[in-house]
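Subject: Structure for you to look at

Hi,

Here is the structure I promised to pass on. Have a look at it first, then read my notes underneath.

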Amino acid sequence: MIQRARSIRISALLILLGGVGFWGLLQWQADNHVFAWERPVSVLIVCVSDPSADPAEDVLRGFFARFLSTGPAFESNLSGIAKWFAREFETHRGHPMQPIQFSARGPIQATAAPPLPPTADAPFLDRWRGTRKFLDYFRDLGQRANLVTENYDAVIFVYFYGEDDVGKYAGQHSIASRRDRLGVVFSAVGPNYFRRCAALVAHELCHTLGATDKYEGERSIFPDGFAEPEKNPRFPQTLCEIMSLAIPLSESSERHVETLTDCVVGKKTAREIGWIR
Ligand SMILES: [Zn+2]
């Protein structure tokens with residue numbers, strides 16, 4: 001009898017260990033997934049409007065339609081972002097292909113402002129919990145709007161707030177999770193902000209595809225965070241590596257990038273997302 005109880009306990013333990021091991025393997029695979037780029041990667045862009053902004057208002061509706069436009073490509077709309085990815089893909093791969101296929105939904109009006117994402121210097125457990133809470137907020141938002149996010153390779157939420165709230169959201173960082181293939185970008189709504197917003201969408205999307213940041217503090221990392229690391233003299237740089245989001249002007253100064261057309265995908269980023277070996 002004792003022998004039987006012991007073997008049941010051991011079997012249960014082995015099943016539990018097997019389950020944990022399998023879960024760990026799935027997480028590891030998600031954390032290290034690299035797309036094959038034999039077909040376009042499908043990306044859903046979801047526009048969310050802050051509770052204080054009414055997306056039904058004519059002016060705002062026009063702004064959203066302009067940003068989500070899949071008509072002619074501009075540096076401030078979705079078509080422009082798709083075109084930029086195609087340009088960079090061809091540079092690295094040497095043949096043309098549309099690597100990213102965008103679909104757009106929204107605007108969805110949020111009923112409450114999102115929780116603040118954790119700061120980079122928070123303890124590990126707080127960062128983990130804070131990130132989950134933050135991403136869950138957006139996942140819930142998608143579920144309430146009946147979005148089938150599983151049908152896409154990656155999802156980027158763009159949270160738009162009114163110009164008057166620029167101060168309130170100034171510290172709100174964009175964030176992305178490769179494991180969840182989910183990214184969130186914050187931007188004021190309006191034509192003046194869409195060019196910068198497009199660069200942020202491309203940056204966060206690259207994170208979900210496997211790219212790491214190429215800056216430390218306020219500085220782009222040399223050489224990986226430089227668009228033209230071999231340029232001589234090194235400064236001023238004229239372009240921005242997409243994962244550094246800044247153009248290094250001298251040893252001690254950088255300019256925040258304002259438009260995606262000034263950005264390129266550097267070699268290390270191209271390697272991380274599987275464009276080159
Ligand atoms: Zn980043």
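Below is what I found, going from the domains to the sheet and then to the helices.

One thing up front: this is a predicted model, so please read everything here in that light.

Domains first. The domain assignment splits the protein chain into domain 1, residues 41-209, and domain 2, residues 215-272. Their C-alpha centres are 22 Å apart. Where the two touch, domain 1 puts in 13 residues and domain 2 also puts in 13. On the domain 1 side, α3 (78-93) and α6 (191-209) each give at least two residues to the contact. The largest share there is that of α6, with 7 residues. If you sort the domain 1 side by character, you get 6 nonpolar, 3 polar and 4 charged residues.

Now the sheet. It is an open one with 5 strands, ordered β2-β1-β3-β5-β4, and the pairing is mixed. Which strands stand at the edges? Those are β2 (100-109) and β4 (175-177); each has a single partner strand, so one side of each has no neighbour in the sheet. On average, and ignoring direction, neighbouring strands are turned by 20 degrees against each other.

Further in, have a look at β3 (residues 154-161) and β5 (residues 182-188), which pair in the parallel sense over 7 bridges. If you want a spot to zoom in on, try Phe 157, whose bridge partner in β5 is Val 184.

Then the helices. α3 lies across β1 (41-49) and β2, and runs at about 155 degrees to β2. α3 also meets α6: their axes come within 10 Å and cross at roughly 50 degrees. That angle makes α3 oblique to α6. As for handedness, the crossing of these two helices is right-handed.

What sits in that helix contact? From α3 there are Gly 80, Ile 81 and Trp 84, and they meet Ala 198, Val 201 and Ala 202 of α6. By character, this contact of α3 with α6 has 5 nonpolar residues, 1 polar and no charged ones.

So if you only have time for one region, I'd start with α3 and α6: these helices meet each other, and each supplies at least two residues to the side of domain 1 that touches domain 2.

Shout if anything is unclear.

Cheers

Terms used. Residues are numbered from 1 along each chain as its sequence is written. This is a predicted model: local features need pLDDT of at least 70, side-chain atom pairs count only at pLDDT 80 or more; totals for chains, interfaces and linings use all residues. Domain bounds come from an automatic or database domain assignment. Two residues are in contact if their C-beta atoms, placed from the backbone, lie within 7 Å. Helices (H or I, at least four residues) and strands (E, at least two) are DSSP runs, numbered from the N terminus. Ala, Val, Leu, Ile, Met, Phe, Trp, Tyr, Cys and Pro count as nonpolar, Asp, Glu, Lys and Arg as charged, and the others, Gly among them, as polar. Two strands pair if DSSP finds at least two bridges between them. Axes are lines fitted to C-alpha atoms, for helices over the stretch in contact, and angles run from 0 to 180 degrees between N-to-C directions. Angles under 35 degrees count as roughly parallel, over 145 as roughly antiparallel, 65 to 115 as roughly perpendicular and the rest as oblique. A crossing is left-handed if the near helix is turned anticlockwise from the far one by less than a right angle, and right-handed if clockwise.
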